[in-house]
Amino acid sequence: GLQIHETALKHDVSELDIRHACSNSSDIFELDQESYEIKILIIGPDSAGNLLEVIGLEIENQSLLIIHAMKIRKSVINLVEGRS
């Protein structure tokens with residue numbers, strides 16, 4: 001399942017668009033970090049086709065808790081392009 005934390009909505013991305021980006025993702029990264037949870041970066045389009053960056057934490061039962069969503073930033077585009 002996909003759970004969306006209120007912090008993910010603070011950049012004016014709707015819950016609908018977050019779900020759309022996750023189910024139509026073009027790239028998924030596991031972010032390296034020190035914290036306990038696995039952080040996943042998802043790149044995908046909102047319902048209008050604009051790319052979003054969405055960050056979620058893997059929580060119990062294979063659920064993803066979305067904690068961040070916004071229009072994709074240059075730094076993230078560079079990360080995606082640098083990987084290919």
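Buried means under 20% relative accessible area. By that cut-off D17 is buried, because its relative accessible area is 15%. This is a predicted model, and D17 is a good place to enter it.

D17 sits in helix α1. Although buried, D17 has no salt bridge. The nearest side chain of opposite charge is that of K71, 7.5 Å away. That pair fails the test, because a salt bridge needs a side-chain nitrogen of Lys or Arg within 4 Å of a carboxyl oxygen of Asp or Glu. What does D17 touch instead? Leaving aside residues up to four places away in sequence, D17 touches P45, D46, S47 and L52. G49 is 32 residues from D17 along the chain, and the C-alpha atoms of the two are separated by 9.6 Å.

Now turn to the charges that do pair. The count of salt bridges comes to two. One joins the side chains of E15 and R19, at 3.6 Å from N to O. Both residues belong to helix α1. They stand four residues apart, about one turn of the helix. E15 is partly exposed, with a relative accessible area of 38%. R19 is partly exposed too, at 34%.

The other salt bridge joins the side chains of E53 and R73, at 2.6 Å from N to O. E53 lies in strand β4, while R73 lies in the loop between β5 and α2 (74-83), so this pair ties together parts that are 20 residues apart in sequence. Are its two ends buried or exposed? E53 is buried, with a relative accessible area of 0%. R73 is partly exposed, with a value of 39%.

Next comes the sheet. Five strands form an open sheet, and the pairing is mixed. Their order is β1-β5-β4-β3-β2. Why is one side of β1 and of β2 left without a neighbour? β1 (2-4) and β2 (27-31) stand at the edges, each with a single partner strand, so one side of each has no neighbour in the sheet. From one strand to the next, the twist averages 30°.

Within the sheet, β4 and β5 run antiparallel and are joined by eight bridges. One residue pair to look for is E58 with its bridge partner L64, in β5. Helix α1 packs on this sheet, where it touches β1, β3, β4 and β5. The direction of α1 makes about 95° with that of β3.

What fills the interior? In soluble globular proteins, nonpolar side chains tend to be buried together. Here the largest nonpolar core has 13 residues. I18, C22, I42, V54 and I66 have the most contacts inside this core. The elements that give two or more residues to the core are α1 (15-23), β3 (39-45), β4 (51-59) and β5 (63-71). A second, separate core has seven residues, including L41, I43, I55 and V80.

V54 is a useful residue to follow through the contacts. Not counting residues up to four places away in sequence, V54 touches I18, A21, C22, I40, L41, I42, I66, H68 and A69. Among these, I18, C22, I42 and I66 are listed with V54 as having the most contacts inside the largest core. L41, also touched by V54, belongs to the second core.

Technical notes. Residues numbered from 1 in each chain as written. Predicted model: local features only at pLDDT ≥ 70, side-chain atom pairs only at ≥ 80, totals over all residues. Heavy atoms only, no water. Core = buried A, V, L, I, M, F, W, Y, C linked by side-chain atoms within 4.5 Å. Buried < 20%, exposed > 50% of the residue type's maximum accessible area, 1.4 Å probe, protein only. Contact = heavy atoms within 4.5 Å. Lys, Arg positive; Asp, Glu negative; His and termini not counted. Pairing = 2+ DSSP bridges. Axes fitted to C-alpha atoms, helices over the stretch in contact; angles between N-to-C directions.
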